Each structure stands twice: as structure tokens, then as C-alpha cells.
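Subject: Handover of a structure, with findings

Dear colleague,

Please find the structure for your work below. A written account of what was found in it follows directly after.

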Amino acid sequence: MEPNVAVSDVPSKDPNLPPMHKIGDLVAPKVPGKIAGARLDEGTLTDLTIRLAYTANRFTSDWVCKRLHLSAPLVEEVLEHLGRDGLIEETMASTQNKALYRITERGRQQGGRSMEVCAYVGPAPVSLDAYSAMLRWQFANLPPVKPENVTAALSGLVLSPRARELAGLAVSSGRSLFVYGPSGNGKTSLGRQIHTALVGDCWIPYCISVRNSVIRLFDEQVHKRVEVPDERVGAIDQRWVRVRRPFVVVGGELTLDFLDLIYSPSLRYYEAPPHLKANGGVFLVDDFGRERVSPDQLLNRFITPMEHQIDYFTLTTGQKIQVPLRHVLIIATNLNPELVTDPAFLRRMGYRLCLEAPNPEQYAEIFKAYAERHEAVVPPELLGNLLERYRADKRELRACEPRDLIERARDICRFQGKSLELTANVMDLAWIGYFGSSPARKSANGESGKG
């Protein structure tokens, strides 16, 4: 670490919180230099290291540091323990003047037994207590969500002031949000966009240790890394990774099993369920009521986490663990709330928001905004003709349809080898391609035709 980077400890009253210190303007978990400083159950790091050694013919301490995300002094202490117990032995110096190690026959037997219990090999875990404490500490210190954050996040959507306010209240308070209304009016888009109103990044561990069990939490598909300057890396516990506050969405594929710890019999460790990976961010349940499990079962599954901000999981050993859940839960449905919920569940929701169909003025605003995004000119008479066609077909307006019609107009113009033009002929073909032919109606000259 560069000497000009200011480092200072951050005091905390929570005994389970990893030691934190400020490096310049970044508050980060302090790198442990000893086995005791890692705050794990006895034998966790030695078992992990012997499993790693079990996979290699020869290895150096630097290689172990890189694979397990541990500091050099801590790894040297672990290797010394393993050597003293006759599980590894030093063979010769490498070309970089580093000691080379190999696993002994006794170590191979112990490594095999350890693999039968848990075959996880990767970044060293943190304890469940440390993860829980870190989550509590971060939520107490994250910047609050302000109205301007919500305005910026929802700037691409045409919403009523009341809808913006309710969505902002949900995300700023950390409470849940139940969004309902006809399909195609922005429920999913609101859930996705409101996530960007969350301010600040957070630390999460690669995985969590519960005695002999490992739960893998970090997911490259979900968590977006925040790069830390190189000069600060050496002072940070590399078992933690800094990420943007996550956004996780589930839909019709959701089942009750999907919300439990996912155990791999072949690898013998657990994968965290999606709502646990969403900790610190937003968890969106889209198309609620259309999952492969009854709404009542899902509602019952969510009640305890919503009320108490915790969830309970059971390991294959029968041990039950409690994990904090600190995310904004958004449930979106286009079904009648009375058919997919009950009053007890709705009372537990933080906020409720109905997104109705847009009025003609809102529809026109959405259409013009999307056309402008694609540098298309909207002829003065186009929107009037389009809205009249909705009325003639007795078709309700939908907020998604301006985008969908313009996208089909783009397809048509691209197919014809020209830039996007929102002409009457192009929009007529886009309409028919999207909605299908309208019922036969009289044309201006009295002839019957198709719309």
C-alpha cells in the first residue's frame, strides 16, 4: 500500500463485525494477518487449504494466497500448521526463490475425507455472524435515498407524481412494494429502474461458512464488481468483494425450492437462493400469480422475511440457520389483487401502487420520447390518427405499445433499406404486424377494407 493513503480504524460496538478501517475515502474490512483474525471455526482454513493442496502436484504460498484470497502472513501460518501435522512438506525452491510444497500421503487421505464433507475450493469464507454484522453495519451507514435520486432513476418513465412518490417511499424506507394493474403499463420497468435510485456500494463475501458447510453468495451474473484502486488492495480483506447494490428478478420459474439453499450433492456445498443474493438491493417478483406454485404458498413463504427482515434455512444436516434479509421486495402482478393475495398479506406490504393504463396525453408523451431516442420525427397528424385507431378498435392504451410499434417500424424501414421514418404507411404495417388485422370497416370511399 502506498504511504500517502490515509488508513484509520473505524470503531464499532458489534463484536461480530469484521475490523473495519478507512483507507483514503473508502471504508473496508481490514486484512487479517493471523488465523485467529479470520474469525472462523477452528480447522476451517486448514481444511480448505488441504483441499486446495489435494488438487495440485506442487504449489507455492503465493498460489495459495491467490486462490484463497488470503494474506501472505496468514497463509504462511496455515502452511506451517499443515507441515507440523505432516500433511504437506516442502520440496525445493522455485525459480522465484519461493518454497515449493506438496501434499503428503497422510495429507492426501485427510484431504479426501475433507472433500467428502465439503468439496468447496475457492476464496476463503467469512462466518455467518460476520456477514450478518456487516449487513447491519452497512445499512446503518449507507447514504439515504433522496427525492432527486428517485426522480433521476424514473426519468425515462412517464408516471404520475403519486406513482413516483410511492415508489420513492418504498425504496427509501427499505419496505416492500406491491405493484398491480393491467399488463404493459410499466410495472416491471418501474421495478428495474427504481433500483438505480439506491445509493452507494456494499461489501459482500464470496461465501459464508457455517461450521463444515459453505454457502456461496457472490454470483458474477448478479453482482457487479466495483474496482478498488490497486494501492488499497493490500490493506483489504480479499474474502470480501465490493459490488453495486444488486438487482435480482424472478418470474414464472419461481418455486418454493428456488427460495431454499441449493445444495449440490456432487460439490457438497450450497448456492445462495436469489432473494439472499439480492441482499442490499432490490428483489423483484415479476408476474406474481403465474408461478408454478400457488400464490398462497408464496405469500406464506414471504411473510416472515417481510415482517422481521430475516429468513430461516435448513442445512442437509438438519441444522437451522437464521440469515438477515435487507432488500427492497417488489411484487408485480397484472392479476386482480383480490385473487392472488389476502388482506393479511396486503397489510404486511409496505406500499401499494396501481399502475393504470395511460391517458392519451401520457401515451403521446411516451411515443414522442421513444421516437426522439431513435432520432425519428413524429409527423403532427400521426399521433392523432394513431389514437383514433385505438378508439375505432375499442382498444385500451398500454404504456409499452409506443415502444413496440416504433420497434416494428424500425424493422420495416431496416428491411426496406432506409432509415427510420414514421410515415402513415409504415405505421399501418407496424400496427397490423403487432395487433393483427382489425375487423372489416368502411373506407373513406365506402368500400370495405381491412385495417
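Helices and strands are named here as DSSP runs, a helix having at least four residues and a strand at least two, and they are numbered from the N terminus. The model is a predicted one.

With those names in hand, Asp-287 can be placed in the loop between β15 (282–285) and α11 (295–308). Most residues other than glycine have a negative phi. Asp-287 is not a glycine, yet its phi is positive, at about 55°. Its relative accessibility is 35%, and Asp-287 therefore counts as partly exposed, since that class lies between the limits of 20% and 50%.

Arg-211 also has a positive phi of about 55° without being a glycine. This residue sits in the loop between β9 and β10 (213–216). With 59% relative accessibility, Arg-211 counts as exposed.

The parallel sheet

Strand β15, which precedes the loop of Asp-287, belongs to an open sheet of 5 strands with the order β12-β15-β18-β7-β19 and parallel pairing. The edges are taken by β12 (247–250) and β19 (351–354); each has a single partner strand, so one side of each has no neighbour in the sheet. From one strand to the next, the twist averages 15°.

Within this sheet, β7 (residues 177–180) and β18 (residues 328–333) are paired in the parallel sense over 4 bridges. Phe-178 is found opposite Ile-331 in β18. Helix α7 (residues 161–173) lies across β7, β18 and β19, and it runs at about 150° to β19.

How buried or exposed is Leu-284? This residue lies in strand β15. Its relative accessibility is 0%, and Leu-284 therefore counts as buried. Leaving aside residues up to four places away in sequence, Leu-284 touches Thr-188, Gly-191, Phe-247, Val-248, Val-249, Val-250, Ile-330 and Ala-332. Among these contacts, Phe-247, Val-248, Val-249 and Val-250 fall in the edge strand β12 (247–250), while Ile-330 and Ala-332 fall in β18 (residues 328–333). By contrast, Leu-284 and Ile-103 are separated by 181 residues in sequence and by 47 Å in space, C-alpha to C-alpha.

The mixed sheet

A further open sheet is formed by 5 strands in the order β6-β9-β10-β14-β13, and its pairing is mixed. Its edge strands are β6 (126–127) and β13 (262–264), each of which pairs on one side only. β6 pairs with β9 (residues 207–210) in the parallel sense over 2 bridges. Here Ser-127 stands opposite Ser-209 in β9. The loop that holds Arg-211 connects β9 and β10, two strands listed in the order of this sheet.

The hairpin

Strands β16 (residues 310–314) and β17 (residues 320–324) pair in the antiparallel sense over 5 bridges. Tyr-312 has Gln-322 in β17 as its bridge partner. The hairpin has 5 residues between its strands, and Gly-318 takes a positive phi near 95° in it.

Helix packing

Two pairs of helices were examined. Helix α2 (residues 61–68) packs against helix α3 (residues 72–84) at an angle of about 115°, and their axes are 9 Å apart. The two helices are therefore roughly perpendicular to each other. Their crossing is right-handed. Ser-61, Val-64 and Cys-65 of α2 make the contact with Ala-72, Val-75, Glu-76 and Leu-79 of α3. These contact residues comprise 5 nonpolar, 1 polar and 1 charged.

Helix α15 (residues 382–392) and helix α17 (residues 424–435) pack at an angle of about 30°, with axes 12 Å apart. This angle makes α15 roughly parallel to α17. The crossing of α15 and α17 is right-handed. On α15 the contact involves Leu-382, Leu-386, Arg-389 and Tyr-390, and on α17 it involves Met-427, Asp-428, Trp-431, Ile-432 and Phe-435. By class, the contact residues of α15 and α17 divide into 7 nonpolar, no polar and 2 charged.

Yours sincerely

Conventions
Residues numbered from 1 in each chain as written. Predicted model: local features only at pLDDT ≥ 70, side-chain atom pairs only at ≥ 80, totals over all residues. Heavy atoms only, no water. Pairing = 2+ DSSP bridges. Axes fitted to C-alpha atoms, helices over the stretch in contact; angles between N-to-C directions. Parallel < 35°, antiparallel > 145°, perpendicular 65-115°, else oblique. Left-handed = near helix turned anticlockwise from the far one by under 90°. Contact = heavy atoms within 4.5 Å. Nonpolar A, V, L, I, M, F, W, Y, C, P; charged D, E, K, R; others polar. Buried < 20%, exposed > 50% of the residue type's maximum accessible area, 1.4 Å probe, protein only.
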